Amino acid sequence: RGGETVTEDTPIAILTNPDLTQQYQQQKTQLNSTTAQFTAFTLRQQNELLAEEGKQEDLIADIDSLMLDVEANRKLAELGIAAKIDLERSELKLAQLNKQLERNRFRLESFIKMQQLEKQQQHMRLVVEQQNVANLADKIASLTIKAGIAGTLEKLDIELGQYVNAGQTLAKVGSSTDLIAKIRIPQRLAEKVQLDAKVKIKSKDSILNGKISQLSSVIRDGFVLAEVKILDPLPNYIRPALNLTADVFIEQKTDALFINQAPGIQPLSKKILYQLTDDSV
């Protein structure tokens, strides 16, 4: 209700959007499916990589075994026990296996790179699904309208059960500490008012000091709107939208004689004055 004190996290209104809730549930289901697919894809890649690495390890083992055979045939050939042709066959087979190992290593490197690209593509798809769910969750969370600042609920423009549209004003919250005063300056005096001019704001029994922080360039109903930055601490009774009066200091003259301005007297104009003496009736 209007006039209540609120904090930054105070809920002002809770809206509902069935279509948005249904869309969120569908997107969340899609995310769970995509997550399961990504997990299965990762495990399948691991199995394929283990199979390829196993083939290479088997080939290395065959090469190591054949190297022992070549060394044994070489010693037997030197002793004349084994034929030289057996040694040459072993060496040829060893060379073929080494070439096969080199090709297999290149193939394994290409296979790993391909897996990385495929995994990156699947992960990007998963990230998109997660972002979609997060965006919908933020929209659902935004259905709970919070004050946003500590202050006073000035106005509530909605009622229970009312349908609202995007961009519609729902409520107005004003701060109780960071306040500015808006005063209307008569058009005939506006040109004499400068930025940072001193202002004394009158409220009940207290006077607050301030200064002009902004001047409007638009004249409405013979007045210019000015914003005043309040310099003194605010009393407890000060509230947003409170009506105030203020004195604006246009200029200062020292050692000047003055009288209080009477209604209807214009600056720099002439007027007949009457002085009361002791013998005046």
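Which side chains along strand 6 point to one face and are buried, and which point to the other and are not? Keep that in mind as you open the viewer, and remember that you're looking at a predicted model.

**Stop 1: strand 6**

Select residues 180-186, which make up strand 6. Show the side chains and walk along them: they alternate. A181, I183 and I185 point to one face and are buried. I180, K182, R184 and P186 point to the other face and are not buried.

Now add strand 9, residues 223-230. Strand 6 and strand 9 pair in the antiparallel sense, over 7 bridges. To find one of these bridges, click on I180: its partner in strand 9 is K229.

Before you leave, select R184 and F223 together. R184 lies over the face of the F223 ring, at 4.6 Å from the ring centre. How many aromatic pairs does a search of the whole structure find? The count is 0.

**Stop 2: the whole sheet**

Zoom out a bit. Strand 6 belongs to an open sheet of 5 strands, in the order 6-9-8-7-10, and the pairing is antiparallel. Strand 6 is one edge, and strand 10 (245-248) is the other; each of these pairs on one side only. Try turning the view so you can look across the strands: on average, neighbours in this sheet are turned by 40° against each other, with direction ignored.

**Stop 3: strand 7 and its partners**

Select residues 198-203 for strand 7. Which of its side chains are buried? Here too the side chains alternate: V199, I201 and S203 point to one face and are buried. Turn to the other face and you'll meet K198, K200 and K202, which are not buried.

Strand 7 has strand 10 as one of its partners, with 4 bridges in the antiparallel sense. Two places to click: V199 stands opposite V248, and K200 has D247 as its bridge partner.

Next, bring in strand 8, residues 206-220. Strand 7 and strand 8 run antiparallel and are joined by 6 bridges. One residue pair to highlight is S203 with S206, its bridge partner in strand 8. These two strands form a hairpin with 2 residues between them. Click on K204 in the turn, and you've found a residue with a positive phi of about 55°.

**Stop 4: two loop residues**

K204 has company. Select D196, in the loop between helix 3 (187-190) and strand 7. Its phi is near 70°, a positive value in a residue other than glycine. Is D196 buried or exposed? With a relative accessible area of 52%, D196 is exposed, because anything over 50% counts that way.

Then jump to D221, in the loop between strand 8 and strand 9. D221 isn't a glycine either, yet it has a positive phi of about 55°. This residue is exposed too, with a relative accessible area of 71%.

**Stop 5: the other sheet**

Now for an open sheet of 3 strands, in the order 1-4-5, with antiparallel pairing. Which strands sit at the edges? They are strand 1 (5-6) and strand 5 (171-175), each pairing on one side only.

Select strand 1 along with strand 4, residues 151-156. Two strands, 2 bridges: they pair in the antiparallel sense. Click on V6, and look for G151, its bridge partner in strand 4.

**Stop 6: into the helices**

Last stop. Colour residues 18-79, which form helix 1, and find T34 there. T34 has 3% relative accessibility, so it counts as buried. What does T34 touch, leaving out residues up to four places away in sequence? R125, L126 and E129. T34 also has a polar atom in its side chain that lies 2.9 Å from the backbone oxygen of Q30.

Finally, colour helix 2, residues 84-141, and pick out N104. N104 counts as buried, at 14% relative accessibility, because the limit for that label is under 20%. Leaving out residues up to four places away in sequence, N104 touches E52, Q56 and L59. Show the side chains of those residues together with N104, and you can look at the contacts for yourself.

Notes: Residues are numbered from 1 along each chain as its sequence is written. This is a predicted model: local features need pLDDT of at least 70, side-chain atom pairs count only at pLDDT 80 or more; totals for chains, interfaces and linings use all residues. Side-chain values use heavy atoms; hydrogens and water are left out. Two strands pair if DSSP finds at least two bridges between them. Buried means under 20% relative accessible area, exposed over 50%, partly exposed in between (1.4 Å probe, protein chains only). A polar contact is a pair of N or O atoms within 3.5 Å; within protein, one must be able to donate a hydrogen and the other to accept it, and residues adjacent in sequence count only if both atoms are side-chain atoms. Contact means heavy atoms within 4.5 Å. Rings of Phe, Tyr and Trp (its six-membered ring) pair if their centres lie within 6.5 Å; planes under 30 degrees apart count as stacked, over 60 as edge-to-face and the rest as tilted. A charge sits over a ring if NZ of Lys or CZ of Arg is within 6 Å of the ring centre and within 35 degrees of the ring normal. Axes are lines fitted to C-alpha atoms, for helices over the stretch in contact, and angles run from 0 to 180 degrees between N-to-C directions.
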